[in-house]
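Here is a brisk report on the structure shown below. It starts with strand pairing and works outward from there.

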Amino acid sequence: MEPPAAPRRVTIVDVARHAQVSTTAVSKVLRNAYGASPEMRAKVRRAIDELGYRPLAAARGLRGQTYTIGVMLPDIRNPFFPEILDGITGHLADTDYQVFLGPGGCNDEKAEARVTEAMIDRGMDGIILIAPVSSRAHLERVASAVPAVVVGRHGHSPVYDTVTDDDVAGAALVVGHLADLGHRRIAHIEHHETDPTRIAEMPNAQRADGYRRAMRALDLADEIDIVSTMYTQQGGYEGARQLLARPRRPTAVFAGADIVAMGVLEALAEAGLSVPGDISVAGYDNTTFASFGPISLTSVDQAGHEIGSNAARLLLERIADRRKTSVQVKLSPTLAARRTTARVSQ
């Protein structure tokens with residue numbers, strides 16, 4: 001018995017016949033081109049819905065647009081990044097654009113390059129790169145090939161837009177909060193960084209710098225204590241173990257990200273210490289699990305949804321005008337104080 005023949009794909013000619021308009025009219029509606037009246041657009045859209053017509057992405061690419069946007073993520077395990085994605089997809093919800101994700105290989109420049117090059121090769125109309133570790137030269141090459149917005153890098157360029165949180169101010173919020181609770185021995189777990197450009201531009205380095213500045217401003221320079229690991233749960237666990245081995249352990253730990261704070265909480269529980277009774281803990285990102293009752297993590301809210309929405313808005317503007325002046329958006333963070341921080345008990 002022969003297999004049934006595959007159903008014939010609906011074409012633009014079928015749509016035109018169903019709507020009783022010309023194929024040129026259908027094409028104008030699909031391209032949002034000038035010259036199609038509201039009534040014609042409504043007829044064509046109704047015919048498209050009734051027939052289930054789907055234009056070939058390759059064919060759309062030949063006409064100059066694929067209506068696809070690539071989003072490069074450095075680490076799909078970090079729970080903060082879905083907040084940014086929600087903002088991106090929310091802003092694009094009423095457009096024809098679809099988002100495609102590409103994992104960037106967690107601090108791996110070669111993996112980032114493979115992802116971004118694949119997005120360019122597939123004709124995506126624009127790319128949003130979230131906390132990329134690639135060199136500025138590589139980012140500018142990407143932005144020269146396709147409209148691009150960089151999220152979470154404090155440097156700026158004439159060829160791409162940026163959206164960041166004021167990480168220095170966010171770190172100061174944490175240190176100030178802990179100092180107001182009577183803490184002096186406030187330690188910080190940072191993401192290890194050696195590249196000079198990334199030290200100047202990446203959020204982790206900015207937060208560490210903000211921590212140092214805030215400690216000095218509060219006359220706590222002698223208490224500055226930084227452990228360099230990774231912005232992962234394992235990095236937080238290892239960092240906390242190092243801090244607990246100090247001759248004088250800290251009374252509070254400022255983890256550079258919520259995912260890091262999770263590792264800190266794990267290490268403290270393993271050591272038989274209570275939070276915040278023995279040690280207060282604060283994170284950064286205000287991810288969904290930070291507000292989860294059993295965790296109730298004090299954290300800096302850097303408005304991930306707003307970051308994503310701004311990134312999508314800037315990208316659409318750059319797609320429409322490649323020559324526009326680059327824009328740098330910096331958002332002001334707030335502190336969400338919860339049960340993992342309390343007045344110092346020693």
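Two strands count as paired if DSSP finds at least two bridges between them. This is a predicted model. In it, strand β6 (residues 186-191) and strand β8 (residues 252-255) are joined by four bridges. The two strands run parallel. One of the residues involved is His-188, whose bridge partner in β8 is Phe-254.

**The sheet**

That pair belongs to an open sheet of six strands. The strand order is β7-β6-β8-β9-β10-β12, and the pairing is mixed. In general, strands of a sheet pair through backbone hydrogen bonds, either parallel or antiparallel. Which strands stand at the edges? They are β7 (225-229) and β12 (334-336). Each has a single partner strand, so one side of each is left without a neighbour in the sheet. From one strand to the next, the twist averages 20°.

**Helices on the sheet**

Two helices that contact these strands are listed here.

| Helix | Residues | Strands contacted | Angle |
|---|---|---|---|
| α10 | 203-217 | β6, β7, β8, β9 | about 160° with β6 |
| α12 | 258-270 | β6, β8, β9, β10 | about 160° to β9 |

Helix α10 packs on the sheet. Helix α12 lies across its strands, among them β10 (298-301). For α10, the strands touched include β9 (280-284).

**A helix pair near the start of the numbering**

Helix α1 covers residues 12-19, and helix α2 covers residues 23-30. At what angle do α1 and α2 pack? The angle is about 105°, and the axes are 8 Å apart. Angles of 65 to 115 degrees count as roughly perpendicular, so α1 is roughly perpendicular to α2.

Which residues meet there? From α1 come Ile-12, Val-13, Val-15 and Ala-16. From α2 come Thr-23, Val-26, Ser-27 and Leu-30. Six residues of this contact are nonpolar, two are polar and none is charged.

**The whole chain**

The chain has 13 helices and 12 strands. Its C-alpha trace spans about 80 × 50 × 40 Å along the principal axes. How much of the chain is buried? Of the 346 residues, 51% are buried. The accessible surface comes to about 16,600 Å². Carbon and sulfur atoms account for 52% of that surface.

Contacts can also be sorted by sequence separation. Among contacts between residues at least 6 apart in sequence, 69% join residues at least 24 apart.

Terms used: Residues are numbered from 1 along each chain as its sequence is written. This is a predicted model: local features need pLDDT of at least 70, side-chain atom pairs count only at pLDDT 80 or more; totals for chains, interfaces and linings use all residues. Side-chain values use heavy atoms; hydrogens and water are left out. Axes are lines fitted to C-alpha atoms, for helices over the stretch in contact, and angles run from 0 to 180 degrees between N-to-C directions. Angles under 35 degrees count as roughly parallel, over 145 as roughly antiparallel, 65 to 115 as roughly perpendicular and the rest as oblique. Contact means heavy atoms within 4.5 Å. Ala, Val, Leu, Ile, Met, Phe, Trp, Tyr, Cys and Pro count as nonpolar, Asp, Glu, Lys and Arg as charged, and the others, Gly among them, as polar. Buried means under 20% relative accessible area, exposed over 50%, partly exposed in between (1.4 Å probe, protein chains only). Accessible areas come from the Shrake-Rupley method with a 1.4 Å probe; for residues, only the protein chains shown count as cover.
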